Amino acid sequence: MSSAKVLKFHVCEKVFHNINLLSWAILIVTGCLVYFKPISDESAAIAMDIHIIAAVLSTANFFGFAIINYDRFMLLLKNLTSWDRDTLSWFKNLGGYPRKIFGIGFGPKEVAPQGRFNGGQKLLYPAFIAMIFALIVSGWLLYAFTPALGKQAVTALFYFHVWGSIIVTALAVFGHAPMALMNFGDFKAMFGRGEGYVSLEEAKHSAPKWVENDLVKVEGKDD
């Protein structure tokens with residue numbers, strides 16, 4: 001078996017993803033404590049203070065990644081928004097996951113060859129990115145500009161902020177997380193040390209069009 005590896009996640013993408021994961025977890029827990037209020041008023045006030053601190057971290061992380069790593073951010077968006085016939089064909093059998101997980105013969109046995117991201121990821125991840133941006137904007141509008149917005153706008157923004165974050169969290173927990181664990185090579189690449197490498201064999205299996213169209217073989221010098 002070849003020991004060749006390919007870079008799947010640049011370190012800046014890992015930093016963005018993992019800080020986003022940490023800040024999101026703090027935001028959803030503190031936000032739910034403040035909204036559903038199973039705690040005292042004093043504890044809710046502390047939770048709100050922590051919520052604001054996590055919001056600062058989340059905002060800095062999002063715009064820091066998009067601005068400082070502009071090229072990587074645009075490449076990520078290009079990878080996620082480039083659809084072709086094979087991307088659409090992924091949905092004919094949902095990447096083969098119903099067959100792999102539940103033994104349900106849904107759609108063709110063979111999964112259409114995918115790029116760096118498969119059809120499901122191309123549907124879900126842009127929605128995540130758009131919602132992160134929308135929740136950051138709505139959160140800071142509610143925090144800093146409530147008097148200028150008017151009652152109806154504040155009410156609409158508030159419920160969008162609360163229930164939008166809860167719905168996205170549910171999609172991440174019950175959709176994104178299980179799929180990440182099933183693709184364990186990607187999981188290790190994302191949460192391991194340094195750059196996020198996966199084996200070439202795994203990349204050829206899960207993202208053959210990415211390997212064929214985007215990667216360049218670099219020959220190392222023997223000592």
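These questions and answers cover the pockets, a surface patch and the salt bridges of a predicted model.

Visitor: How much space lies in the largest pocket, and which residues are closest to its centre?
Guide: Start with the volume, about 1,300 Å³. The lining has 42 residues. Closest to the centre are His17, Leu124, Tyr125, Phe128 and His176.

Visitor: Which element gives the largest share of the lining of the largest pocket?
Guide: Several elements give two or more residues, among them strand 1 (5-9), helix 1 (11-36), helix 6 (119-144) and helix 8 (151-182). The largest share is 10 residues. That share comes from helix 8.

Visitor: How many residues in the lining of the largest pocket are charged?
Guide: Sort the lining by class. There are 29 nonpolar and nine polar residues. The charged residues number four.

Visitor: What is the volume of the second largest pocket, and which residues lie nearest its centre?
Guide: The volume is about 600 Å³. The second largest pocket is lined by 26 residues. Nearest its centre lie Leu27, Gly31, His51, Gly139 and His161.

Visitor: Which element gives the most to the lining of the second largest pocket?
Guide: Helix 1, helix 2 (41-68), helix 6 and helix 8 each give two or more residues to this lining. The top contribution is eight residues. The element that gives them is helix 1.

Visitor: How many charged residues are in the lining of the second largest pocket?
Guide: Again, go by class. The lining has 19 nonpolar residues and seven polar ones. The number of charged residues is therefore easy to state from the same division: no charged.

Visitor: Which element gives the largest share of the nonpolar patch on the surface?
Guide: The patch is formed by Phe36, Phe158, Tyr159, Trp163, Ile167 and Leu171. Together they have about 600 Å² of accessible area. Five of the patch residues come from one element, helix 8.

Visitor: Is isoleucine 167 buried or exposed?
Guide: Isoleucine 167 lies in helix 8. Its relative accessibility is 51%. Exposed means over 50%. Isoleucine 167 therefore counts as exposed.

Visitor: How many residues apart in sequence are the parts that lysine 8 and aspartate 186 tie together?
Guide: The two residues form a salt bridge, with the closest N and O atoms 3.0 Å apart. Lysine 8 lies in strand 1, and aspartate 186 lies in helix 9. So the pair ties together parts whose separation in sequence is 178 residues.

Visitor: Are lysine 8 and aspartate 186 buried or exposed?
Guide: Buried means under 20% relative accessible area. Lysine 8 has 5%. Aspartate 186 has 16%. Both lysine 8 and aspartate 186 therefore count as buried.

Visitor: Which of lysine 37 and aspartate 41 counts as exposed?
Guide: Their side chains meet in a salt bridge, 2.8 Å from N to O. At 42% relative accessibility, lysine 37 is partly exposed. At 52%, the exposed partner is aspartate 41.

Visitor: Where does the partner of lysine 209 lie?
Guide: The side chain of lysine 209 meets aspartate 84 in a salt bridge of 2.6 Å, N to O. Lysine 209 lies in helix 11 (residues 208-213). Aspartate 84 is partly exposed, at 33% relative accessible area. Aspartate 84 lies in the loop between helix 3 and helix 4 (85-89).

Visitor: Which residues are linked in a network of salt bridges?
Guide: The structure holds six salt bridges. A network of salt bridges links Glu13, Arg72 and Arg116.

Key: Residues are numbered from 1 along each chain as its sequence is written. This is a predicted model: local features need pLDDT of at least 70, side-chain atom pairs count only at pLDDT 80 or more; totals for chains, interfaces and linings use all residues. Side-chain values use heavy atoms; hydrogens and water are left out. On a 1 Å grid over the protein atoms alone, a cavity is a set of points where a 1.4 Å probe fits but cannot get out, and a pocket is an open set with protein on both sides within 12 Å along at least five of seven lines; lining residues have an atom within 4 Å of a point. Grid points are joined across faces, edges and corners, and a volume is the space filled by probe spheres set on the points. Helices (H or I, at least four residues) and strands (E, at least two) are DSSP runs, numbered from the N terminus. Patches are made of residues with over 30% relative accessible area and no salt bridge: like charges are joined within 9 Å, nonpolar side chains (Val, Leu, Ile, Met, Phe, Trp, Tyr) within 5 Å. Accessible areas come from the Shrake-Rupley method with a 1.4 Å probe; for residues, only the protein chains shown count as cover. A salt bridge is a side-chain nitrogen of Lys or Arg within 4 Å of a carboxyl oxygen of Asp or Glu. Buried means under 20% relative accessible area, exposed over 50%, partly exposed in between (1.4 Å probe, protein chains only).
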